[in-house]
Amino acid sequence: MQPDQTNHGIESRVNFFDLDQANYDAFPAIARAVEKAAPAALDRFYRKVQETPEAAAFFSSTAMMNHAKAKQLDHWRGMFARRLDGDYFAKAEKIGHIHARIGLEPTWYIGGYALVLEQMIGSLLTGSPLSRLGGRQMSRVIGTLVKCAMIDMDIALSAYFRAADADRMAVIGQVGEAMDRLAQGDFSVELTGLPESFAKLVEDFNSMRERMRDTLLQVSETADGINTGATEISQAASDLSRRTEQQAASLEETAAAMDRITASVRETAEGAGHVYTSVGEAQTDATEGGRVVREAIEAMDGIERSAQEIAQIIGVIDGIAFQTNLLALNAGVEAARAGDAGKGFAVVANEVRALAQRSADAAKDIKGLIDSSSKQVESGVHLVGQTGQALERIVTKVAEIAALASEISASAETQAANMLQVNNAVADMDKMTQQNAAMVEQTTAAAHSLESEAEELTKLVHRFRLGQEKRQRQPARPVASPVAGTEAQGSRARPRRRVVGNLAVAADPAAQGDWSDF
Amino acid sequence: MRQLITFRIGAQSLAVDIMATREIRAWSPTTPLPHAAGFVRGVLDLRGIVLPVIDLSARLGWGDCDPTPRHVVMVMQIGDRPYGLIVDAVSDIATIDSADVQAPPELGRDGDHDLVKGIVTIQGEMVMILDLDRLAGDCPLPEETPLAA
């Protein structure tokens, strides 16, 4: 309440109500009427207040009511004690402010004035010395009383309505500020300290805020979940991509190895075929060798037979030599008997014996050679026979080898065919792996996209300050800036209790203390 | 100077006087005689003359021989009749000096039964000269009967 405004208020009112000197001249008479009638009128009024529960509710005790009564009486006295100045105006406005603060409705206030005025006008017209005044003077006194009472009421009510307006404006401002903070994303704001009459508004506001905050918290958590999931998908896709690449590399190596194996198997098949051919030739050669061996054995037999024939012939020759020797000996004996005449004959006989002996020796040598030859031939026959057996075994083995080589060749051909199938399968697998790799890349891109979308969503949600629940939540991922922002905002978002002093309820002891100013 | 015919029985070299030798021929199977001495192989027909054949190896106490066509029968004139001696082989006709003949050593043997007349060395080899009379002395034979008288 600026003094200027106060002075302006009182001056404009005094002028508008046309309060002139004549009115001021009536003040003493009115003051006397106040002394005379006001106490009884106030007693009556407070009895009426006590009878009326809605009015009595504004007072906690009888003492308080008496205190208020005394203050009110002082006010009436003060009103007519001097000219209406700034001090009076301030007092009257204070009454209005107090009424507005405690929520005293104008009805009770105006009713009180009506009772006092009724009593005082009655007193002026009937029981006081003033009644002796003339009608002209009486009307001026009563008019002044009514005019002053009206001015007083006007000042108090004006102050009352201004204060009430101010309260409403304060509520609107508080709600507006809360809405503004909501609009800025601060969901920790709470509406507190509003008058009782706005309890429903506070409840609805807080309910709306809680619902929106819960929703946003869920959205935030869901976004975090999506983010985590997307990160995991991305991670898994990366792993899958890496493994798919490894698989592709392995498949390539496998394909190369299979090609080499197939080539080797082909070579094996060809080699086995060559072996089969060579073994067939070897078999033919071995068979031919067997035939040669048989012929050799036959030839040996022929040699042996010839040797035996030679031996027989040699035996004959030896026999002839033996007989010749005997004949020569007999000739020698005859020559000896002949004495000197037989000497020449003896020499011839001796020569014949020598020839016979040489024939016998030669025959013996030949016989020895023939025997040796026969033994060697026999040994040769034996060895050739063994050679024949060995060749037969070789022929058998070679036949087995030929069969085995044939089997190897057939197996290798089959293997080569199977290898071709494996090669085709590997090629298919390679193709599929390539497709998988492409798909994995798409998945990775989609996961990254989803991740960034979720992060964007998280950022959007983090613009809202959601109070303690949000602060206590540990984020799934260390996303530094949004969390820091949340905490910073959270500390600022701690509910501030806005205390508006002139809106204190009647039960407030501090407010009760203000009655001392009544 | 005298001439000997040398021959072999096993490893031993023996000799007889060439003048007692009638014929030398290859062995041919003989006809055994009943109850004959062990060293008598049997009899042989030599161009009409039946003569006993003595296994000289058995006669000399060196064991029976197993004659083959390569064995030789020496037909000797002993006394008034021929005998056949089976030997392994005839070696030679040797001419020796009678002075070179040495008597066999008298070493605890019965002199009547000594079949070796003397010992002579021919070409470094010791040759026993047989006593033909004693050789045939223990050979009881039938009277020589000319088949063609």
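Which residue's side chain meets that of A:D204 in a salt bridge?

**View 1. A salt bridge within helix 9 of chain A.** In this predicted model, the side chain of A:D204 meets the side chain of A:K200 in a salt bridge, with 3.0 Å from N to O. Both A:D204 and A:K200 belong to helix 9 of chain A, where they are 4 residues apart, about one turn of the helix. When the whole structure is searched over all chains, 25 salt bridges are found.

**View 2. Helix 8 and helix 9 of chain A packed against each other.** Helix 8 of chain A, which covers residues 135–183, packs with helix 9 of chain A, residues 199–338, at an angle of about 5 degrees, and the two axes are 12 Å apart. Because angles under 35 degrees count as roughly parallel, helix 8 of chain A is described as roughly parallel to helix 9 of chain A. On the side of helix 8 of chain A, the residues in the contact are A:V175, A:A178, A:M179 and A:L182, and these meet A:L201, A:F205, A:M208 and A:R209 of helix 9 of chain A. Sorted by type, the residues of this contact between helix 8 and helix 9 of chain A are 7 nonpolar and 1 charged, with no polar residue among them.

**View 3. Helix 3 and helix 8 of chain A where they cross.** Helix 3 of chain A, residues 27–51, packs with helix 8 of chain A at an angle of about 75 degrees, and their axes are 9 Å apart. The two helices are therefore roughly perpendicular to each other. Helix 3 of chain A brings A:F27, A:A29 and A:I30 to the contact, while helix 8 of chain A brings A:V141, A:T144, A:L145 and A:C148. The residues of this contact of helix 3 with helix 8 of chain A comprise 6 nonpolar and 1 polar, and no charged residue takes part.

**View 4. The interface of chain A and chain B.** Here 15 residues of chain A are in contact with 18 residues of chain B. Between them, chain A and chain B bury about 1300 Å², and 57% of this area is on carbon and sulfur atoms. Within chain A, the residues that lose the most area to chain B are A:F322, A:L329 and A:R337, which together account for 38% of what that side buries.

**View 5. Polar pairs and salt bridges between chain A and chain B.** Between chain A and chain B the count is 2 salt bridges. A salt bridge joins the side chains of B:R70 and A:D318, at 3.0 Å from N to O. Across this interface, 5 residue pairs are found in polar contact. The elements of chain A that give two or more residues to the side touching chain B are helix 9 and helix 10, the latter covering 343–462. Helix 9 of chain A supplies the largest share of that side, 13 residues. The residues of the side of chain A that touches chain B divide into 5 nonpolar, 6 polar and 4 charged.

**View 6. Two loop residues with positive phi.** A:D18, although it is not a glycine, has a positive phi of about 55 degrees, and its place is in the loop between helix 1 (3–16) and helix 2 (21–25) of chain A. In chain B, phi of B:Q123 is near 50 degrees, again a positive value in a residue other than glycine. B:Q123 is found in the loop that lies between strand 9 (116–122) and strand 10 (125–130) of chain B.

Notes. Residues are numbered from 1 along each chain as its sequence is written. Chains are lettered from A and ligands numbered from 1 in the order in which they are written. This is a predicted model: local features need pLDDT of at least 70, side-chain atom pairs count only at pLDDT 80 or more; totals for chains, interfaces and linings use all residues. Side-chain values use heavy atoms; hydrogens and water are left out. Axes are lines fitted to C-alpha atoms, for helices over the stretch in contact, and angles run from 0 to 180 degrees between N-to-C directions. Angles under 35 degrees count as roughly parallel, over 145 as roughly antiparallel, 65 to 115 as roughly perpendicular and the rest as oblique. Contact means heavy atoms within 4.5 Å. Ala, Val, Leu, Ile, Met, Phe, Trp, Tyr, Cys and Pro count as nonpolar, Asp, Glu, Lys and Arg as charged, and the others, Gly among them, as polar. Buried area is the accessible area (1.4 Å probe) that two parts lose on being put together, summed over both. A salt bridge is a side-chain nitrogen of Lys or Arg within 4 Å of a carboxyl oxygen of Asp or Glu. A polar contact is a pair of N or O atoms within 3.5 Å; within protein, one must be able to donate a hydrogen and the other to accept it, and residues adjacent in sequence count only if both atoms are side-chain atoms.
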